[in-house]
Amino acid sequence: MKKIQKLGAVALAAICCAGVFAFPACSKQGEQVDETKTQLHVGTFSGGVGYSWLENVEKRFEQDYANVSFEPGKTGVQVWIDPQSSYSGIALSQTMKTNQNAVFFVEQVYYTQMAKSGNLLEITDIVQSTDREGGSLESNILDWQLDELKVNGKYYALPHYQSFTGVVYDVDLFEKEALYLSADPDNGNGGFVWDREEERSLGPDGKTGVDPETGYDYSADDGFPATYDELKALFYYMEDEKDITPFIFPGQHKTYLARLFKGVAEAYNGDLGMRVQATFDSNGKQLDIVTGFDNNGDPIIEQKVITPETGYLVRQLAGNYYALDIVEHVLDNEDYYTKSSRQGSSSQTDAEEEYIYSSLEGEPIAFLLEGSYWESEAREKFTQSVMDIGAKAENRNFAFFPFPQGGNGTTMTDSASAYSFINARIKDDTNLVNTAKEFLAYCYQEQELVEFTKETGVSIGVQYELGDVYNELTNFQQSCWDSSRGMGYSALVSSNPTYTTSQAKFALLSNSNYYDVVIDSEPYKTMYAAMKENGKTAAQYFQAMWIDSGTWTGTYYKQ
Amino acid sequence: MDATIKRGGGYAKQRRNKLLFYISLVGLPSLQFVIFYIIVNFNSIALAFQSYDSDNAVYFFYGFENIKQVFVNFSTQSFLPAAVKNSLICYSFTLLVGIPLAIIFSYYIYKKSFFSGGFKVFLFMPQIVSALVFALIFRFFTDNAIPQFVEMFTGEEADGLLSLPETRFGTVLFYTLWAGFGTQVLMYSGTMSGISDSVIEAGQLDGINSFQELIYIVVPMIFPTITTFIVVGFSGIFINQMNLYAFFGTKAEYADYTLGYYMYSAATEAGPAELPYLSAFGLVMTLFAAPLTLGLRWALNKLGEKF
């Protein structure tokens, strides 16, 4: 017995010690440093889109530069990838100066602050280089992005991957159940089509057919709700008539309701109405602003121009109110979302799994609150579903749901704040600087951008063509690509000093303080807590988000 | 003569070696203390009197404005007084329920009563398993298993204990108590095992029962350990985040906030502009907690002298 106890103790001790000798996560476990080659260390955020794409870049780069010398006596480059979950947010900016990595691919960083604090090496030459096939990066980055990337007229980073969040819908389910509005609202079926053959309504964009000049297909959103009443009717129709649960979101992260909010707000506010929430300048154009509520509780809307001095009006954008109204409507009806959405133990991957299996197992769910990366995240679950269910589970078809529009067109806003840059720590090592710049430029070659999207299904915030690779993407990934490249994309970031100073307050991210409100002296952190748990209304929540002009001038406004 | 010199040289060498041994023993911890306590805290304290210029990315002297802002916020941000209340509830619960229970369980284990080994495993489990993993298991139990039990027995749908606002704080409080139980039991039972058998036997000869043995012999003998837990717990009132981060990340509801959680979660998400205010907040908490802690220690030491 004692012998067994001793053996057990030794085994436990060995397990504990194993961690000490375990290889750190890196791309070349067991490989020795080759002193004849230049050593380049590359840090990357290990979450998000992962880093297998970077390992592939590493192999191609090492091969392509095998005979290139970046420093005397050495030929070729040995790239070491360092994936860490800590390479994001504020944590990175605090440790950059002591980090060994020369190049970084990260997300959720305060770029402007990092650049101003001297953490990043200037890379204007890479951005403006005309040697690049397909033209300079500067000519392939959208104007608003260039404005955001410029710090004192210089570039210090490049846009990395894009992450669009919103409401995913099951296209196959919509087709099977014909969840579309009819062109004839009085067709005897509550305005919904009887079958797939019936003519559908014009949808949110109010148009149908293909534009002969641009080739844009306006019929893609035909049959989808064009008004909020129609949208609410669709939820009711799903639940009451079709026995479909409209929504699922992870109960562990009730902040995911922000994705529903964002989806509705983007469609109403349009590109300008979303961008202005970071720039505080509508460039002389008028936007729908809620100035109060009438006796019926309906919003009073006025058209106003937003300037940096009146930037507080961004908190009164009409699209934001309508978005809150939809969130309240969903939360008020417990049958509109799954039980797991209320359970704190349900993670985002649990929600993805439940959503994937729901229509396959006869308990369909229409909408998932997620991001453009969700299929990559749920890749194993899709594979498993095919093994469990068979051919029926193959080639699933999902897309972002088109919400009613407010007349300004719709948009998709990137919420990853993902960048790539070079660590300023290496600035005195000219050879390493040259190597790092060459590697970064290599990652942004047209072919490498395409490879990235092929590998991850996600786009990078630079203009490029996918060619045949487009056909290798899943239906959902194609839909994301089409939507973002067709309707345009933006990001809720800017170099505006008011924004950069109070980024945590104004960043429209699930994990920012954007949704923090105080209603009747009680503070709330999420829409779920205020509306579902404490019965507050969308109007109350919306008004609690407002900032008065005095507070704006005294606390937030920076010139 | 030679022998004397040799002795003198040997003595000096012995002293030198002892000094070297002493330096090598305390040198590294001292260096760690200087770097990770004095320098780090000095930086934090200095930050409390600074503000951040985002245009030039530099900190500048800001006087007592951050300190003032802390007091202003206590009167304008309603979650802060609520967080103070929650912090005090947490400490009171640990003090009035946790410590007595831990002493009783420790005594049970010390007396090697029935299934005491099993209790040991259950109570030490939270210390062995990773805090996040254990929180995950606990969450799964409260939000999946319990609603299923309720449904099974009542036929009605039920939400999880951590999902309902009415039960959330109480559930986390219970978890905090349970998760901290192991350390206390380990310390108390360890101290109890050091009590001389002759003292216990003398009591038994005098005819005391188990309860009297616990109250009149064991508790006074382990009182310094109890004092340590009370004082350490008190000093941590304002930094105890009550495992809220393990359950909710940075998105716990304001109603459940403790001051420790507020500082922890705010610092996690803070940019350089927010750090000075948080430093000032920590400093103000220290100004309140430090004298009270020292006062409590003095009072408990006085009480201990009576035993």
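In this predicted model, the C-alpha centres of domain 1 and domain 2 of chain B lie 40 Å apart. The two domains are easy to find along the chain: domain 1 of chain B covers 2–47, and domain 2 of chain B covers 78–269. Keep this pair in mind as we turn to the partner chain.

Chain A also has two domains in its assignment, but here each is put together from several segments. Domain 1 of chain A takes in 25–120, 122–155 and 416–491, while domain 2 of chain A is built from 165–177, 225–412 and 494–559. Taken over C-alpha atoms, the centres of these two domains are separated by 31 Å.

Let's look at where the domains of chain A meet. On one side, domain 1 of chain A brings 25 residues, and these are in contact with 20 residues of domain 2 of chain A. Which elements give two or more residues to the domain 1 side? They are helix H4 (111–116), helix H6 (143–149), strand E4 (150–151), helix H16 (475–487) and strand E15 (489–491) of chain A. The largest share of that side comes from H16(A), with 8 residues. As for its chemical make-up, the domain 1 side holds 13 polar, 9 nonpolar and 3 charged residues.

Stepping back, we can take in chain A as a whole. You will count 21 helices and 17 strands in chain A. Its radius of gyration is 25 Å, close to the 24 Å that the globule rule gives for 559 residues, so chain A is as compact as a globular protein of that length. Along the principal axes, the C-alpha atoms of chain A fill a box of roughly 80 × 70 × 60 Å. Of the 559 residues in chain A, 48% are buried. The contacts tell us something about how the chain is connected, too: among those in chain A between residues at least 6 apart in sequence, 71% join residues at least 24 apart.

Finally, let's bring the two chains together. How many residues of chain B are in contact with chain A? There are 25, and they meet 26 residues of chain A. A good place to start viewing this interface is helix H5 of chain B (residues 131–154), which gives the most to the chain B side, with 4 residues. By class, the side of chain B that touches chain A is made up of 9 nonpolar, 8 polar and 8 charged residues.

Notes. Residues numbered from 1 in each chain as written. Chains lettered and ligands numbered in written order. Predicted model: local features only at pLDDT ≥ 70, side-chain atom pairs only at ≥ 80, totals over all residues. Rg over C-alpha atoms; globule rule 2.2 N^0.38 Å. Buried ≥ 20, exposed ≤ 12 C-beta atoms within 10 Å, placed from the backbone. Contact = placed C-beta atoms within 7 Å. Domains from an automatic or database assignment. Nonpolar A, V, L, I, M, F, W, Y, C, P; charged D, E, K, R; others polar.
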